[in-house]
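These are my notebook entries on a structure that I had not examined before. I set down what I looked up, entry by entry.

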Amino acid sequence: MYLSRFLSIHALWVTVSSVMQPYPLVWGHYDVCKTQIYTEEGKVWDYMACQPESTDMTKYLKVKLDPPDITCGDPPETFCAMGNPYMCNNECDASTPELAHPPELMFDFEGRHPSTFWQSATWKEYPKPLQVNITLSWSKTIELTDNIVITFESGRPDQMILEKSLDYGRTWQPYQYYATDCLDAFHMDPKSVKDLSQHTVLEIICTEEYSTGYTTNSKIIHFEIKDRFAFFAGPRLRNMASLYGQLDTTKKLRDFFTVTDLRIRLLRPAVGEIFVDELHLARYFYAISDIKVRGRCKCNLHATVCVYDNSKLTCECEHNTTGPDCGKCKKNYQGRPWSPGSYLPIPKGTANTCIPSISSIGTNVCDNELLHCQNGGTCHNNVRCLCPAAYTGILCEKLRCEEAGSCGSGSGQGAPPHGCPALLLLPLLLPALLGTARPLRF
């Protein structure tokens, strides 16, 4: 008896799964832009919000140092060992590969041993400040998806600022301040990301958490993206729907995690004590072995693919959009103003597809390829779209309640997607199948 019920449940699941095939299995990841669904008119495209996968973005960046001659080794110089600041017989020589520490070693795969790293000149010109700007540029808007992690092979700086740009380096704004003494360095009270909340998540803070001197277990500096996500998605980021909802409705929050460039401003090297030891200035320098930046191309939820060609990242746009960020409608598809896709409603979002201009539609108002009827509408003889009761427009692209100005919680905007009746039947069928069944034991 239990076996027969199990087989019945299995058969129901197979039926539901087959009906659900047009929808991605990893709901909420937005990794499909469109799928074909079956309607009375045959197969048509069903469009949804989509975005590229998160990846290691350091593969695509360009790095610039300011001042440009700040890297050690030209001329050669000696410096003190990281673990023992009084053992000063190490050499940096740009003309010898084994002794050179160029900037690209901040992003390599640690092919040599010991770990490879970029290194600045030492603080030989003290008391003149030893300051370095490291600029990371993508020539593309990207969205950060994980912590920025900087690994130092010197002591972590006594003072540092992480900055971001949204306009390709024309203007900059601080992301976070780092110091051994925030009040003294930046006139700010020290804080941790754990001191923030949903309401203060965009606050720019100064932290003393990552600014200790020479210790072997204290090499890493974080800019905590995931901790900020956790205010909305929970401590293990299990409720991504909540985070996506916040990103969708709060432009400032989405912009906070969006950059075109990052800049690491190293303002004062690790001293490790109150006073600088002027007799041993070769102790003081910056050295970075690794920088991790994980994110995705910003494609405004109109693409799943971002190609890297001729040292340039570009979205492969869907939904009749175009541009490096899919930020405008293609020619002849300007029947309504361009809009980014929407994460809502979960799990498919809303594609906000660009629709044909009235002047470009011609005799075919709709077909089963490009000029598809939206929101469950069906194409009638390639002449007009037959729209569900809640929608109107040439391609059923508008909610009727929007035209009437009466959209609200009962407007149906959050209704389940059309074309998946098995999902609606599942709550009804399961009790019937499971009615008197006891738990299966294996």
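Entry 1, the second largest pocket. I asked which element gives the most to the lining of this pocket. I found that helix α4 does, with four residues. The model I am reading is a predicted one. I then listed the elements that each supply at least two lining residues, and they are β8 (132–144), α3, α4 and β16 (294–297). In total 25 residues line the second largest pocket. Those that lie nearest its centre are Ser54, Thr145, Met240, Tyr244 and Arg296. I noted a volume of about 530 Å³ for this pocket. By class, I recorded its lining as 11 nonpolar, eight charged and six polar residues.

Entry 2, helix α4. I turned to the helix itself, which spans residues 240–249. I looked up which of its residues are buried, and they are Leu243, Tyr244, Gly245 and Leu247. Tyr244 thus appears twice in my notes, as a buried residue of α4 and as one of the residues nearest the centre of the second largest pocket. I set beside this a general point: an α-helix has 3.6 residues a turn, so residues three or four places apart point the same way. Against what do the buried residues of α4 pack? I found that they pack against α3 (225–233) and α5 (251–256).

Entry 3, the four-stranded sheet. I traced an open sheet whose strands follow the order β7-β15-β9-β13, with antiparallel pairing. I noted that β7 (118–119) and β13 (220–223) stand at the edges with a single partner strand each, so one side of each has no neighbour in the sheet. Within this sheet I examined strand β9 (residues 148–152), which is joined to β13 by four bridges. In one pairing that I looked up, threonine 151 has isoleucine 220 of β13 as its bridge partner.

Entry 4, strand β11. Is this strand mostly covered or mostly open? I found that β11 (residues 173–179) is mostly covered, as five of its seven residues are buried. I then recorded its pairings. Strand β10 (residues 159–165) runs antiparallel to β11, and six bridges join them. Strand β12 (residues 206–207) pairs with β11 in the parallel sense, over two bridges. I looked for a residue that links these pairings and noted tyrosine 178. Tyrosine 178 of β11 is the bridge partner of methionine 160, and in β12 the bridge partner of tyrosine 178 is threonine 207.

Entry 5, cysteine 387. I located this residue in the loop between β22 (384–386) and β23 (391–392). I asked whether cysteine 387 is buried or exposed. I recorded cysteine 387 as partly exposed because its relative accessible area is 28%, and that class lies between the 20% limit for buried and the 50% limit for exposed. Leaving aside neighbours within four places in sequence, I found cysteine 387 in contact with Gly377, Thr392, Gly393 and Cys396. I also noted that its C-alpha atom is separated by 7.1 Å from that of glycine 376, 11 residues apart along the chain.

Entry 6, the whole protein. I closed with overall values. The secondary structure comes to eight helices and 24 strands. Of the 442 residues, 45% count as buried. I noted an accessible surface of about 23200 Å², with 54% of it belonging to carbon and sulfur atoms. Among contacts between residues at least 6 apart in sequence, 63% join residues at least 24 apart.

Key:
Residues are numbered from 1 along each chain as its sequence is written. This is a predicted model: local features need pLDDT of at least 70, side-chain atom pairs count only at pLDDT 80 or more; totals for chains, interfaces and linings use all residues. Side-chain values use heavy atoms; hydrogens and water are left out. Buried means under 20% relative accessible area, exposed over 50%, partly exposed in between (1.4 Å probe, protein chains only). Contact means heavy atoms within 4.5 Å. On a 1 Å grid over the protein atoms alone, a cavity is a set of points where a 1.4 Å probe fits but cannot get out, and a pocket is an open set with protein on both sides within 12 Å along at least five of seven lines; lining residues have an atom within 4 Å of a point. Grid points are joined across faces, edges and corners, and a volume is the space filled by probe spheres set on the points. Ala, Val, Leu, Ile, Met, Phe, Trp, Tyr, Cys and Pro count as nonpolar, Asp, Glu, Lys and Arg as charged, and the others, Gly among them, as polar. Accessible areas come from the Shrake-Rupley method with a 1.4 Å probe; for residues, only the protein chains shown count as cover. Two strands pair if DSSP finds at least two bridges between them.
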